[in-house]
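Please open the model in your viewer and keep the sequence panel beside it. We will go from stop to stop, with a selection to make at each one.

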Amino acid sequence: MHPPFRRFWSRVYAIVAYYLGIWPAIYALRKLLGKKPLLTVFTFHRITDAKSSGVHLVTYDKGTPRELFDVQIAQIKRFYETISLEEFTEIVTGKRTLQRNSALITFDDADSEFVSQALPVLLKHGCNGVVFAPTDFIETAKRLWHLRVSNAFHRIDEKTWPKVQALARQFPEDKQNWLDNLDHRNREDLATACWRFNIALDRMSEEEIEIFVERLETITGTEYELGIATMTWPQLKQVRSAGISVESHSASHRKLARLDAESIKKELLDSKSLLKKELGVGVAAVCYPAGSYDEHVARIAADAGYKLGFTTQFGFIDYPLDGIDLLTLTRFDMRGNNKYEVARFLGELPVRQPKKSWPLKE
Ligand SMILES: [Zn+2]
């Protein structure tokens, strides 16, 4: 059968099996046919209180509502055994055999609402997991650039809006009129404007991003009212003592593949040593910010002493792995927009990770 059709039907089977509750039988059959159990890493970002997240404009800031996260974790638990980073490491390094479908739950950016929203749900379901923390943002006034953009858009008023529109006219040619026909008083338009501003900057170099964010803040004011931050050290310690690993998400959260070798090394070493100093435990894993990595970045990570590197590439993990591949592990990004998300991914169960993934798009 032609591959897209085969994939279509295997998705249909998986989803039907899921809703009929006969997945364990299908799973047993797969095992009998000699298929290996699955190893999957799920990615989450912000888990939020649905009542208060309504004030936010863009998807990232709104996060995944805690109630939905609860449903998603329950769905994951139906099909997977959730494992710790230590167990995951033993599996991928061949020290432990994979007996059943196993999932590692990961959280990027170490969001400040993790302790109040995500942690209680994880504990309720008996899950552990990993939090990836960008260390420059812990207990400092620094904020991820996209949060600074969101904050500025929250502050836009009658007076500042034309100036922000004028700033956007300095975007690369195809995006210069992106904010022109939008009305800041209309919430949907304002959200679109904020989103477009993010997209335009995301394509720029790190230096250009900083220039644009600074100019935006000069217009709207720099006071940070958004409320979204990175966890503090006491919070990260609390997370650790609940059995969740805290690992590196670089120091500055810049796109590593865009930096020179020296800066990449510094990002990886500084974050690693600060986490070790503050939390008193070794750091073995890094998650490349904004999914930006290449073979060069992965090599530097290995040289810096990292055993595992997590990307935003979509896929199951083809184990056992060796060498550089452990530094380019694939994941499933949970966007948190509906409760069928896990089912949708389970519908893609037969889709395998591509063998080689270079070069990568960002
Ligand atoms: Zn991140």
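Here is a tour that begins with the whole chain and then moves through a strand, some single residues and two helix pairs.

**Before you start**

This is a predicted model, in which local features need pLDDT of at least 70, side-chain atom pairs count only at pLDDT 80 or more, and totals for chains, interfaces and linings use all residues. Residue numbers start from 1 along each chain, as its sequence is written.

**Stop 1: the whole chain**

Show the protein chain as a cartoon: there are 15 helices and 10 strands. Helices (H or I, at least four residues) and strands (E, at least two) are DSSP runs, numbered from the N terminus. Of the 362 residues in the chain, 40% are buried. A residue counts as buried if 20 or more other C-beta atoms lie within 10 Å of its own, as exposed if 12 or fewer do, and as partly exposed in between, with C-beta atoms placed from the backbone. Among contacts between residues at least 6 apart in sequence, 69% join residues at least 24 apart. Two residues are in contact if their C-beta atoms, placed from the backbone, lie within 7 Å.

**Stop 2: strand β5**

Now select residues 102-108, which form strand β5. How many of its residues are buried? Seven of the seven are, so the strand is mostly covered. Turn on the side chains: S102, L104, T106 and D108 point one way, while A103, I105 and F107 point the other way. In a regular strand the side chains alternate between the two faces of the sheet.

Next, add the partners of β5. Two strands pair if DSSP finds at least two bridges between them.

- Select 39-44 for strand β1, which runs parallel to β5 and is joined to it by six bridges. Look for F42 opposite I105.
- Select 81-82 for strand β4, which pairs with β5 in the parallel sense over two bridges. Here T82 stands opposite A103. Follow the chain from β4 through helix α6 (residues 85-92) to β5, and you trace a right-handed β-α-β crossover. Right-handed means that, with the strands pointing away from the viewer, the path from the first strand over the helix to the second runs clockwise.
- Select 130-133 for strand β6, parallel to β5 and joined to it by three bridges. F107 faces V131 in this pair. The route from β5 to β6 goes through helix α7 (residues 114-124), again as a right-handed β-α-β crossover.

**Stop 3: four single residues**

Step on to D109, in the loop between β5 and α7. D109 has a positive phi of about 85° although it is not a glycine. Is D109 buried or exposed? D109 is buried, with 25 other C-beta atoms within 10 Å.

A290 is another non-glycine with a positive phi, of about 50°. A290 sits in the loop between β8 (285-287) and α14, and is partly exposed, with 18 other C-beta atoms within 10 Å.

Now pick V239 in helix α12 (residues 233-241). V239 is buried, with 25 other C-beta atoms within 10 Å. Leaving aside neighbours within four places in sequence, the contacts of V239 are F114, V115, L119, V131, I244 and V246. Try a distance label from V239 to G129: they are 110 residues apart along the chain, and their C-alpha atoms are separated by 9.9 Å.

Finally, go to L38, in the loop between α2 (23-32) and β1. L38 and Q99 are 61 residues apart in sequence, with 9.2 Å between their C-alpha atoms.

**Stop 4: two helix pairs**

Select α8 (residues 145-155) and α10 (residues 187-202), whose axes are 10 Å apart at an angle of about 150°. That makes α8 roughly antiparallel to α10. Axes are lines fitted to C-alpha atoms, for helices over the stretch in contact, and angles run from 0 to 180 degrees between N-to-C directions. Angles under 35 degrees count as roughly parallel, over 145 as roughly antiparallel, 65 to 115 as roughly perpendicular and the rest as oblique. At this junction H146, V149, S150 and F153 in α8 meet residues of α10, including L190, A193 and F197.

Last, select α13 (residues 261-279) and α14 (residues 295-303): their axes come within 10 Å and cross at roughly 45°. That makes α13 oblique to α14. Show A261, I264, K265 and L268 in α13, which meet V297, I300 and A301 in α14.
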